[in-house]
Amino acid sequence: MDQFSRASARRRIITCLGTAVALVAAGLASAAPAQARDVNLWFNHAFYGGGDAFDTYDYGQQTRAEDHVDWPVSLVFFNNATVSKAKAPLSSVMPHTGSLKYAWVGGTWDQDRGIKQYPGKCDSTTNYHMRVYAPPGTDRMFNTYYGYFVVATTHMDYREGCSGQWFGESEAAEDFVLREFINRGYHYWSDWTDLGSYENNGHFQSNGRASEVSIP
Ligand SMILES: [Ca+2]
């Protein structure tokens, strides 16, 4: 698929988004899990042409609610992607795994520990982490324009398990992963798809637009 037809499709996506649900901020102050925060918009998103839809955040448990969102979807791997094919190219730079999180993809739950640069560590270098999701039965989703696709969330685990730890910077983590694919010669579209998952609150950072990588 060439860039022109993809761009043309994107212009029409705006009118074809899945149901947007405006969520109230109530309830965040009481017994909120560590990752709870004010998520302004929450979509179950279907690309133009329909096919498999996905929630634009992953979750800390199998509950599709604002209080349980973890990280925004920041990458779409398409063309002929599977979860394993989206992870494999980065096995040398992100050889470790993290805790299980969950995503609602293609009408079912998937779970993933993801891939990350390091296990928990106390120095101040980057430790980017990506989780990749698709229905476990197929390991991929399908859309007429994207072909076989999977979605991924990204973030950084800073000084994980040590004093001064924090988690976030999804946008920087997206850029890190995208750069690794660019360096390996993959075709890409940076910050291409508007998923409405904009966040700008301390370390919770996302411009709401997912980058795309073509997996042959
Ligand atoms: Ca982005």
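Which strand does Gly196 lie in? Select Gly196 in this predicted model and the answer is strand 13. The tour returns to that strand after a look at the whole chain.

**Whole chain**

Show the protein as a cartoon. Its secondary structure comes to 3 helices and 14 strands. Colour by burial next: of the 216 residues, 40% count as buried. For contacts between residues with a separation of 6 or more, 61% are accounted for by residues 24 or more positions apart.

**Strand 13**

Select residues 188–201, which make up strand 13. Centre on Gly196 and then add His45. These two residues are 151 residues apart along the chain, and their C-alpha atoms are separated by 9.5 Å. Is Gly196 buried or exposed? Neither word fits: a residue needs 20 or more other C-beta atoms within 10 Å to be buried and 12 or fewer to be exposed. Gly196 has 16, so the residue counts as partly exposed.

Stay in strand 13 and move to Asp191. Its phi is near 50°, a positive value in a residue other than glycine. Asp191 counts as partly exposed because it has 16 C-beta neighbours inside 10 Å.

**The loop after strand 11**

Now select Arg159. Where is Arg159 placed? Look in the loop between strand 11 (147–158) and strand 12 (166–168). Arg159 has a phi near 50°, again a positive value in a residue that is not glycine. With 17 C-beta neighbours inside 10 Å, Arg159 is classed as partly exposed.

**The nonpolar core**

In soluble globular proteins, nonpolar side chains tend to be buried together. Here the largest nonpolar core has 45 residues. Select Phe77, Phe149, Val150 and Ala152, the residues with the most contacts inside this core.

Then display the elements that give two or more residues to the core. Among the strands are strand 4 (57–59), strand 5 (69–80), strand 6 (101–105) and strand 9 (128–133). Strand 11 and strand 14 (204–215) belong to the list as well. Helix 2 (83–87) and helix 3 (170–183) are the helices to add. Which strand gives the most to this core? Strand 5 does, with 7 residues.

Finish on Phe149. Leaving aside neighbours within four places in sequence, select the residues in contact with Phe149: Val76, Phe77, Phe78, Ala81, Arg140, Met141 and Asn143. One of these, Phe77, is also among the residues with the most contacts inside the core.

Methods
Residues numbered from 1 in each chain as written. Predicted model: local features only at pLDDT ≥ 70, side-chain atom pairs only at ≥ 80, totals over all residues. Helix = DSSP H or I, 4+ residues; strand = E, 2+ residues; numbered from the N terminus. Core = buried A, V, L, I, M, F, W, Y, C linked by C-beta atoms within 7 Å. Contact = placed C-beta atoms within 7 Å.
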